[in-house]
Amino acid sequence: QVQLVESGGGLVQSGGSLRLSCETSGFTYDYYAIAWFRQAPGKEREFVAAINWSASRTYYPDSVKGRFTISRDDAKNTVYLQMSSLKPEDTAVYYCAADLSDDVVDPLWWGQGTQVTVSS
């Protein structure tokens, strides 16, 4: 059974940091790119970061570039999203997803999400 389980969300003040984790199981993790997306209330889902299977490439939109860092620990089948200099507009439910394609445009599997709330 494929599982992607996010954790690490919570409430943080503006300017603070959080590290999200995406623990995976049930598929050959080494072959897959992993991405983070987020969705705020009333808004469309937004791409946040992606890392390819070998960790040789990472991708970020301008909205988080320089503040968020994605990484993977292959020994733990886990991907992390380190978020710094958080802003109230980063408030959303954050999801991780897996796909064979580096750009993770249409993920095969999704996690259940973890809430991040940034207070001003």
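In the predicted model, Ile70 has Leu81 as its bridge partner in strand E8. This pair belongs to a longer match, since strands E7 and E8 run antiparallel and are joined by 6 bridges. Both strands take part in an open sheet of 4 strands, ordered E1-E3-E8-E7 and paired in the antiparallel sense. Strand E1 (3-7) and E7 form the edges of this sheet, each pairing on one side only. On average, and with direction ignored, neighbouring strands of the sheet are turned by 15° against each other.

Strand E7 also contains Arg72. Arg72 has a relative accessible area of 13%; the limit for a buried residue is under 20%, and Arg72 therefore counts as buried. Its side chain reaches two backbone oxygens: that of Tyr32 at 2.9 Å and that of Tyr29 at 3.2 Å. Tyr29 and Tyr32 are also among the residues in contact with Arg72 when neighbours within four places in sequence are left aside. Other residues in that set include Ala33, Ile34, Ile51, Asn52, Trp53, Thr78 and Val79.

Ala55 is a further contact of Arg72. Ala55 is placed in the loop between E5 and strand E6 (58-59), and its relative accessibility of 39% makes it partly exposed. The phi angle of Ala55 is near 65°, a positive value in a residue other than glycine. Most residues other than glycine have a negative phi. A second case is Ser85, which is not a glycine and has a positive phi of about 50°. Ser85 is found in the loop between E8 and E9 and, at 41% relative accessibility, is likewise counted as partly exposed.

Strand E11 (residues 114-119) pairs with two other strands, described here in turn. With strand E2 (residues 10-13), E11 runs parallel, and 4 bridges join the two. Within this pairing, Gly10 has Val116 of E11 as its bridge partner. With strand E9 (residues 92-99), the pairing is antiparallel and extends over 3 bridges. Here Tyr94 is matched with Thr114 of E11. Strands of a sheet pair through backbone hydrogen bonds, either parallel or antiparallel.

The side chains along E11 alternate between two faces. Thr114, Val116 and Val118 point to one face and are buried, whereas Gln115, Thr117 and Ser119 point to the other and are not buried. Such alternation between the two faces of the sheet is what a regular strand shows.

The largest nonpolar core consists of 28 residues, and the residues with the most contacts inside it are Trp36, Leu81, Met83 and Tyr94. At least two residues of this core come from each of strand E3 (18-25), strand E4 (33-39), strand E5 (46-51), strand E7 (68-73), strand E8 (78-83), E9 and E11. Strand E9 supplies the largest share, 4 residues. In soluble globular proteins, nonpolar side chains tend to be buried together. Residues up to four places away in sequence not being counted, Tyr94 touches Trp36, Leu81 and Met83, as well as others including Leu20, Phe37, Val48, Phe68 and Val116. Polar residues are also touched by Tyr94, among them Glu6, Arg38 and Thr114. A second core, separate from the first, has 6 residues, including Ala33, Ala35, Ala50 and Ala97.

The structure holds 6 aromatic pairs. One of them, between Phe37 and Phe47, is edge-to-face, with a distance of 5.8 Å centre to centre and 70° between the planes. Phe37 lies in strand E4 and Phe47 in strand E5, 10 residues apart, and the pair thus links distant parts of the chain. Phe37 is buried because its relative accessible area is 8%, whereas Phe47, at 25% relative accessibility, counts as partly exposed.

Tyr95 and Trp110 form another edge-to-face pair, at 6.5 Å centre to centre with 85° between the planes. This pair also links distant parts of the chain: Tyr95 is in strand E9 and Trp110 in strand E10 (residues 109-110), 15 residues apart. Tyr95 counts as buried at 16% relative accessibility, while Trp110 is partly exposed, with a relative accessible area of 32%. Ring pairs join Phe37, Phe47, Tyr95 and Trp110 into a cluster.

Notes: Residues are numbered from 1 along each chain as its sequence is written. This is a predicted model: local features need pLDDT of at least 70, side-chain atom pairs count only at pLDDT 80 or more; totals for chains, interfaces and linings use all residues. Side-chain values use heavy atoms; hydrogens and water are left out. Buried means under 20% relative accessible area, exposed over 50%, partly exposed in between (1.4 Å probe, protein chains only). Two strands pair if DSSP finds at least two bridges between them. A nonpolar core is a set of buried Ala, Val, Leu, Ile, Met, Phe, Trp, Tyr and Cys residues joined through side-chain atoms within 4.5 Å. Contact means heavy atoms within 4.5 Å. Axes are lines fitted to C-alpha atoms, for helices over the stretch in contact, and angles run from 0 to 180 degrees between N-to-C directions. A polar contact is a pair of N or O atoms within 3.5 Å; within protein, one must be able to donate a hydrogen and the other to accept it, and residues adjacent in sequence count only if both atoms are side-chain atoms. Rings of Phe, Tyr and Trp (its six-membered ring) pair if their centres lie within 6.5 Å; planes under 30 degrees apart count as stacked, over 60 as edge-to-face and the rest as tilted.
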